[in-house]
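The report that follows moves from one loop residue to the strands, the cores and the overall composition. Please keep the sequence and the structure at hand while reading.

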Amino acid sequence: MAKIILLSEDMARQELLLTDVPLTLGRKSENDLVLEHPAVSARHAEIVPENDGYCLLDLDSTNGTLVNGARVRRHLLRHGDVIEIASFRIGFAEPDRKGADKPSTAAAPVSPAPSRAAPRLGVIEVLDGPNAGKTLTLTKTLATIGLPDTQVAVVYQRGDAYYLMHVEGPASPRINGRAIGAEACLMRDGDLIDFAETGMRFRMI
């Protein structure tokens, strides 16, 4: 099922399921997702169902809407897209669609913002299960791990840091044996992740 996720390391997880009803984003309290910031317009953007997917529409906002770093007025959303409104970053996740991430191995098709000095990259090493021995280099802004429609988590990047956030399923991921709960969790080099019956290790290279 498609959803949007507010990506933030200093706020509790916020996510909204997308249905056949348009969803609005903006500064005013009547919006479905309220983004309190002076650079956000009262009704800034809208996500509407289109064919078998969802389309993001900028509602003539003052400061514009970005998707994966590019300004858009209309954009057909794809799994892994990152919407930027003012200082807010919102991930679009639809892991059960064709072409979405495979369990524990694939990353979302979003390029990270360029930087002057090459940052260290995060890597997920799969330690057991059917994908044992595989390595996922986190070259994208947003990646999903887990099992679609069962257990899903996202790994997202802010600057040189990587965060893990639970998205779907009855049990949240565990880092070094402790459940992360509902908030985004900063990952550190060498952390052991246990999720969707799979053991993984996070590394910085």
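## Loop residues with positive phi

Asp60 sits in the loop between β6 and β7 (65–67), and the model in which it is described is a predicted one. Although Asp60 is not a glycine, its phi is positive, at about 55°. Its relative accessible area is 60%, so Asp60 is classed as exposed.

Asn68 offers a second case, this one in the loop between β7 and β8 (70–72). Here too the residue is something other than glycine, and the phi of Asn68 is positive, near 55°. With a relative accessible area of 30%, Asn68 is partly exposed.

## The five-stranded open sheet

Which strands make up the open sheet, and in what order do they lie? The five strands follow the order β4-β3-β5-β6-β9, and their pairing is mixed. At the edges lie β4 (33–34) and β9 (74–76), each of which pairs on one side only. Within this sheet, β3 and β5 are antiparallel and are paired over three bridges, with Ile47 of β5 serving as the bridge partner of Leu23.

Strand β3 also contains Thr24. Is Thr24 buried or exposed? Its relative accessibility is 10%, which lies under the 20% limit, so Thr24 counts as buried. The side chain of Thr24 nevertheless has a polar partner, since a polar contact of 3.2 Å links it to the side chain of Asn31. When neighbours within four places in sequence are left aside, the residues in contact with Thr24 are Glu30, Asn31, Asp32, Leu33, Arg43, Ala45 and Glu46.

## Nonpolar cores

The largest nonpolar core has 21 residues, and those touching the most other members are Ile4, Leu25, Leu35 and Ile47. Two or more residues are given to this core by each of the elements β1 (3–6), β3 (23–26), β5 (45–50), β6 (53–58), β10 (82–85) and β11 (88–93). The largest share, three residues, is supplied by β11.

Ile47, named above as the bridge partner of Leu23, can be followed further through its contacts. Beyond its neighbours within four places in sequence, Ile47 is in contact with Ile4, Leu18, Pro22, Leu23, Leu25, Tyr54, Cys55, Leu56, Leu77 and Ile83. A second core, separate from the one just described, has 19 residues, among them Val126, Met200, Phe202 and Met204.

## Strands β14, β15 and β16

Strand β15 (residues 151–158) is mostly covered, with seven of its eight residues buried. It is joined to strand β14 (residues 142–147) by six bridges, and these two strands run antiparallel. One pair in this register is Ile145 with its bridge partner Ala153 in β15.

β15 also pairs with strand β16 (residues 161–168), again in the antiparallel sense, over seven bridges; there, Val152 has Glu168 of β16 as its bridge partner. How many residues separate β15 and β16 in their hairpin? Two residues lie between the strands, and Gly159 in the turn has a positive phi of about 65°.

## Cysteines

How many disulfides does the structure hold? The number is zero, and the accessibility of two cysteines can be stated alongside that result. Cys55, which appears among the contacts of Ile47, has a relative accessible area of 1% and is therefore buried. Cys185, with a relative accessibility of 23%, counts as partly exposed.

## Overall composition

For the protein as a whole, the secondary structure comprises 21 strands and zero helices. Of its 205 residues, 46% are buried. Considering contacts with a separation of 6 or more, 44% are accounted for by residues 24 or more positions apart. The exposed area of the protein is about 10300 Å², and carbon and sulfur atoms supply 49% of that area.

Technical notes. Residues are numbered from 1 along each chain as its sequence is written. This is a predicted model: local features need pLDDT of at least 70, side-chain atom pairs count only at pLDDT 80 or more; totals for chains, interfaces and linings use all residues. Side-chain values use heavy atoms; hydrogens and water are left out. Helices (H or I, at least four residues) and strands (E, at least two) are DSSP runs, numbered from the N terminus. Buried means under 20% relative accessible area, exposed over 50%, partly exposed in between (1.4 Å probe, protein chains only). Contact means heavy atoms within 4.5 Å. Accessible areas come from the Shrake-Rupley method with a 1.4 Å probe; for residues, only the protein chains shown count as cover. A disulfide is a pair of cysteine sulfur atoms within 2.5 Å. A nonpolar core is a set of buried Ala, Val, Leu, Ile, Met, Phe, Trp, Tyr and Cys residues joined through side-chain atoms within 4.5 Å. Two strands pair if DSSP finds at least two bridges between them. A polar contact is a pair of N or O atoms within 3.5 Å; within protein, one must be able to donate a hydrogen and the other to accept it, and residues adjacent in sequence count only if both atoms are side-chain atoms.
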